[in-house]
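Subject: Structure handover

Hi,

Here is the structure you are taking over. Please open it beside this note, as the findings follow below.

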Amino acid sequence: MNSEQIQLVQSSFAMVRPLSADVGEMFYKRLFILDPSLRPMFKGDLAHQSRMLMVMLDSAVKSLDDLDALVPVVRQLGARHVRYGVRKQHYDTVGSALLWTLEKGLAEKFTPAVSEAWATTYELLASVMQLGAIEAQPAQAADSSGSAPILQKQH
């Protein structure tokens with residue numbers, strides 16, 4: 001990911017930010033069209049979930065200039081998502097839904113360069129999340145078997 005791609009992602013997200021409630025809702029609608037089996041993973045209020053998604057995206061986009069700070073946070077996010085049942089194949093579906101949503105939200109401003117910048121950004125973030133998920137799996141297996149120390153269960 002280069003500085004031009006970071007700038008494209010940040011400037012395009014600035015255009016999406018004022019519409020974040022609608023964009024978040026559009027994302028989840030698209031996600032569930034692409035894979036209806038994902039819907040049961042979201043048990044709470046979907047409007048709240050949409051807001052959380054947009055806050056997380058906003059934070060990640062703002063932090064693209066400081067990957068050293070962003071990577072550990074995204075890695076932990078990936079580790080937490082294992083508990084929700086997220087699997088490797090879900091990342092592709094989420095990426096497709098995100099790019100589709102951005103394309104619809106940005107319309108003609110979703111140029112090939114913006115599309116590529118977002119695809120690169122998502123690939124990076126998804127890879128880091130998946131790494132966090134892989135690292136979390138042995139600890140979670142130990143948690144469920146009862147063999148992990150009690151302190152580990154609190155994390």
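Which residues in α2 meet which residues in α3? On the α2 side they are Ser20, Val23, Gly24, Glu25, Phe27, Tyr28 and Phe32. On the α3 side they are Leu46, Gln49, Ser50, Leu53 and Met54. By class, this contact divides into seven nonpolar, four polar and one charged residue. Keep in mind that this is a predicted model.

**Helix packing**

Two packed helices are described by the angle between their axes and the distance between the axes. Three pairs follow in those terms.

α2 with α3. The axes lie 8 Å apart and the angle is about 110 degrees. Angles of 65 to 115 degrees count as roughly perpendicular, so α2 and α3 are roughly perpendicular to each other.

α1 with α3. Helix α1 covers residues 3–16, and helix α3 covers residues 46–62. Their axes come within 10 Å and cross at roughly 150 degrees. The cut-off for roughly antiparallel is over 145 degrees, so α1 and α3 are roughly antiparallel to each other. The crossing of α1 past α3 is left-handed. From α1, the contact uses Val9, Gln10, Phe13 and Val16. From α3, it uses Met54, Leu57, Asp58, Val61 and Lys62. The class count for α1 with α3 is six nonpolar, one polar and two charged residues.

α2 with α5. These axes come within 9 Å and cross at roughly 135 degrees. That angle makes α2 oblique to α5. Here the crossing is right-handed. α2 brings Val23, Met26, Phe27, Arg30, Leu31 and Leu34 to the contact. α5 brings Thr93, Val94, Ser96, Ala97, Leu98, Trp100, Thr101 and Lys104. Sorted by class, the contact of α2 with α5 has nine nonpolar, three polar and two charged residues.

**The largest pocket**

Now the empty space. Rolling a probe the size of a water molecule over the atoms shows where empty space is left.

The largest pocket holds about 810 Å³ of space. Its lining has 29 residues. Nearest the centre of the pocket are Tyr28, Phe42, Gln49, Leu53 and His81. Tyr28 is also one of the α2 residues that meet α3. Gln49 and Leu53 are among the α3 residues in that contact.

Which helix gives the most to the lining of the largest pocket? That is α3, with seven residues. At least two lining residues each come from α2 (20–34), α3, α4 (67–83), α5 (88–106) and α6 (112–145). The lining of the largest pocket divides into 21 nonpolar, five polar and three charged residues.

**The cavity**

How many cavities of 30 Å³ or more does a search of the whole structure find? The search finds one. The largest cavity has about 60 Å³ of space. Phe13, Val16, Val23, Phe27, Leu53, Met54, Leu57, Leu98, Thr101, Leu102 and Trp118 line the cavity. α1, α2, α3 and α5 each supply at least two of these lining residues. Ten of the lining residues are nonpolar, one is polar and none is charged.

Several names recur from the helix contacts. Phe13 and Val16 of α1 line the cavity and also meet α3. Val23 and Phe27 of α2 line the cavity, and they take part in the contact with α3 and in the contact with α5. Leu53 lines the cavity and lies among the residues nearest the centre of the largest pocket.

Over to you.

How values were computed. Residues are numbered from 1 along each chain as its sequence is written. This is a predicted model: local features need pLDDT of at least 70, side-chain atom pairs count only at pLDDT 80 or more; totals for chains, interfaces and linings use all residues. Side-chain values use heavy atoms; hydrogens and water are left out. Axes are lines fitted to C-alpha atoms, for helices over the stretch in contact, and angles run from 0 to 180 degrees between N-to-C directions. Helices (H or I, at least four residues) and strands (E, at least two) are DSSP runs, numbered from the N terminus. Angles under 35 degrees count as roughly parallel, over 145 as roughly antiparallel, 65 to 115 as roughly perpendicular and the rest as oblique. A crossing is left-handed if the near helix is turned anticlockwise from the far one by less than a right angle, and right-handed if clockwise. Contact means heavy atoms within 4.5 Å. Ala, Val, Leu, Ile, Met, Phe, Trp, Tyr, Cys and Pro count as nonpolar, Asp, Glu, Lys and Arg as charged, and the others, Gly among them, as polar. On a 1 Å grid over the protein atoms alone, a cavity is a set of points where a 1.4 Å probe fits but cannot get out, and a pocket is an open set with protein on both sides within 12 Å along at least five of seven lines; lining residues have an atom within 4 Å of a point. Grid points are joined across faces, edges and corners, and a volume is the space filled by probe spheres set on the points.
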